[in-house]
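Me: I am in my first year and still learning to read structures. Please take me through the sheet in this model closely, strand by strand, and then show me what lies around it.

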Amino acid sequence: MDDRVHPEVRRTATEIDTMEIRGAATIADAAARALRTQATESDAADAEAFRAELRAAARALYETRPTAVSLPNALRYVLRGMSSTTVEGLRQNVVESADEFCARLERAQADLGEVGANRLRDGDTIMTHCHSTDALACVEAAVEQGKHIEAVVKETRPRNQGHITAKRLDELGVPVTLIVDSAARRYLNDVDHVLVGADAVAADGSVVNKIGTSGLAVNARDRGTPIMVAAQTLKLHPGTMTGHTVDIEMRDTAEVVDDETLVELGNPTVQNPAFDVTPPRYVDAIVTERGQFPPESIVTLMRELFGEGTSEPWAE
Ligand code: RUB
C-alpha cells in the first residue's frame with residue numbers, strides 16, 4: 001500500500017477486506033470516515049501533495065472489495081468536495097463533505113425505512129437474505145408504527161450474515177424463524193414479502209446482492225410472493241448507465257471448506273462468489289429514500305442524480 005496512506009485508513013481497508021466492516025452502507029460510512037481521518041492527520045506540505053495523499057487513501061479503500069458501489073460513491077462524494085487551493089482549506093473541505101455524507105446516509109436510511117414500512121401490513125411475515133441495514137430500517141419503521149411483523153431468516157452461507165439479522169430483529173421485538181438457505185422455497189408459502197438489500201442497482205434495474213438472492217427471487221415469483229429491495233440511492237451504480245457491468249467478488253474458498261476437508265474430498269475445485277444479479281423482472285419494488293420505484297424506472301432516477309459523467313477522482 002502507498003506510504004502516504006495513514007495507518008487508520010489502512011486499518012479500515014483491512015477491516016473491509018476481511019469483512020469485519022461489511023454491508024454496503026456500513027462500508028460507505030467507514031470509507032468516508034477514513035478519508036476524513038486522512039485529511040485531519042495529513043501533514044502534506046502543499047495543496048497538490050494533500051490532494052495526492054487523499055487520492056492514494058481513496059485508492060487503498062477502493063481496492064478492498066469490488067461489488068458494493070456505495071464504496072466508490074462515498075469516495076467520489078468526499079473527493080469531489082475538495083475545492084480549496086490551500087491545505088487548510090482542503091482539510092476543511094474533506095471534513096465537511098465526509099460529515100455531510102455520513103449524515104445524509106443516516107437520514108436516507110431513516111427516510112427509506114418509512115417508505116418501505118408502508119408496504120408492510122400489520123401481521124405480515126417477511127423473508128430475509130443476508131444482513132441489510134436498509135432492509136432492517138423498513139422493519140424498524142413498521143414496528144415503530146405499531147405493526148406486528150414476523151420474519152423467516154435465511155442463514156446465508158458461507159458467512160452466516162443471517163445470524164446478525166436474526167439478532168437485530170430480536171432486538172426490535174420481531175419473532176424470528178431461522179432456516180438453512182435451501183429451505184427457503186418451502187417457507188415462501190408462509191411469507192408475505194421477500195425483503196432484501198442491495199450492493200448495487202444497475203441502470204436496467206438489475207439488483208446485485210448477496211449470492212442466493214436471485215434464486216430466492218425466482219422462487220418467490222413462482223410462489224407469487226412480492227420481492228422488495230431496500231436500497232438507498234447510494235446503491236445506484238452510475239457506471240452501468242454507460243454499459244459497464246458490476247464486478248462480482250470471488251472470495252476465499254476457505255470460507256466454504258477448510259484445507260483439511262478439502263484434501264479429504266479429493267481436492268475439488270471450489271468457487272465462492274459473494275454476490276449475484278437478480279434480473280429486474282423478478283423485482284417488484286426498489287425502495288429508496290426518494291420513494292419506491294419499479295426497477296425499470298431506476299435509470300431515470302439515476303440520470304437525475306448522477307448526470308451522465310462517471311470519471312473517478314482517485315484515478316486522476
Ligand atoms: C452484504 C449484503 C447486503 C448489502 C446491503 O454482503 O449483501 O445485503 O450489502 O446491506 P457482505 P446494507 O456481508 O458480503 O458485505 O443495506 O446494510 O447496505
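Reply: What follows starts with the sheet, moves to a helix that packs on it, and then turns to other parts. Keep in mind that this model is predicted.

Begin with the layout. Seven strands form an open sheet. Their order is β3-β2-β1-β4-β7-β9-β10, and the pairing is mixed. Now find the edges. They are β3, residues 176–179, and β10, residues 291–293. Each of these edge strands pairs on one side only. The sheet is also twisted: the twist averages 25° from one strand to the next.

Next, look closely at β7, which covers residues 227–230. In the strand order, β7 sits between β4 and β9. Take the β9 side. Three bridges join β7 to β9, residues 285–288, and the two strands run parallel. Two pairs of residues help you line them up. Met228 stands opposite Ala285 in β9. Ala230 stands opposite Val287 in β9.

Now take the β4 side. Strand β4 covers residues 193–196. Three bridges join β4 to β7, and these strands run parallel. Here Val196 stands opposite Val229 in β7.

Which way do the side chains of β7 point? Ile227 and Val229 point one way, while Met228 and Ala230 point the other way. This follows a general pattern: in a regular strand, side chains alternate between the two faces of the sheet. All four of these β7 residues are buried.

Move to the β3 edge. Leu178 is found in this strand. Is Leu178 buried or exposed? Leu178 has 15 other C-beta atoms within 10 Å, so it counts as partly exposed. Leave aside its neighbours within four places in sequence. Leu178 is then in contact with Val153, Glu155, Gly162 and Ala166. For a sense of distance, pick His237. Leu178 and His237 are 59 residues apart in sequence and 32 Å apart in space, C-alpha to C-alpha.

A helix also packs on the sheet. This is α7, residues 161–171. Helix α7 touches β1 (125–128), β2 (150–154) and β3. The direction of α7 makes about 165° with that of β2.

Now turn to the helices, starting with α3, residues 47–62. Why does its length make sense? At 1.5 Å a residue, its 16 residues should span 22 Å, and the end C-alpha atoms are 22 Å apart, so the two agree. Several α3 residues are buried, among them Phe50, Leu54, Leu61 and Tyr62. The buried residues of α3 pack against α1 (7–17), α2 (24–41), α4 (70–79) and α5 (87–117).

Helix α1 also holds Ile16. Ile16 counts as buried because it has 23 C-beta neighbours inside 10 Å. Setting aside neighbours within four places in sequence, Ile16 is in contact with Ile21, Ile27, Ala30, Thr64 and Arg65. Look at one of these contacts. Ile16 and Ile27 are eleven residues apart in sequence and 6.7 Å apart in space, C-alpha to C-alpha.

Finish with the ligand. How many residues surround the ligand? There are 18, and the closest are Ala25, Ser132, Thr133, Asp134 and Gly197. The elements that give two or more residues to this shell are α2, α6 (133–144) and β6 (207–210). By type, the shell divides into seven nonpolar, seven polar and four charged residues.

Note on methods
Residues are numbered from 1 along each chain as its sequence is written. This is a predicted model: local features need pLDDT of at least 70, side-chain atom pairs count only at pLDDT 80 or more; totals for chains, interfaces and linings use all residues. Two strands pair if DSSP finds at least two bridges between them. Helices (H or I, at least four residues) and strands (E, at least two) are DSSP runs, numbered from the N terminus. Axes are lines fitted to C-alpha atoms, for helices over the stretch in contact, and angles run from 0 to 180 degrees between N-to-C directions. Two residues are in contact if their C-beta atoms, placed from the backbone, lie within 7 Å. The expected span of a helix is 1.5 Å times one less than its number of residues. A residue is buried if 20 or more other C-beta atoms lie within 10 Å of its own, exposed if 12 or fewer, and partly exposed in between; C-beta atoms are placed from the backbone. A residue is near a molecule or strand if its C-beta atom, placed from the backbone, lies within 6 Å of it. Ala, Val, Leu, Ile, Met, Phe, Trp, Tyr, Cys and Pro count as nonpolar, Asp, Glu, Lys and Arg as charged, and the others, Gly among them, as polar.
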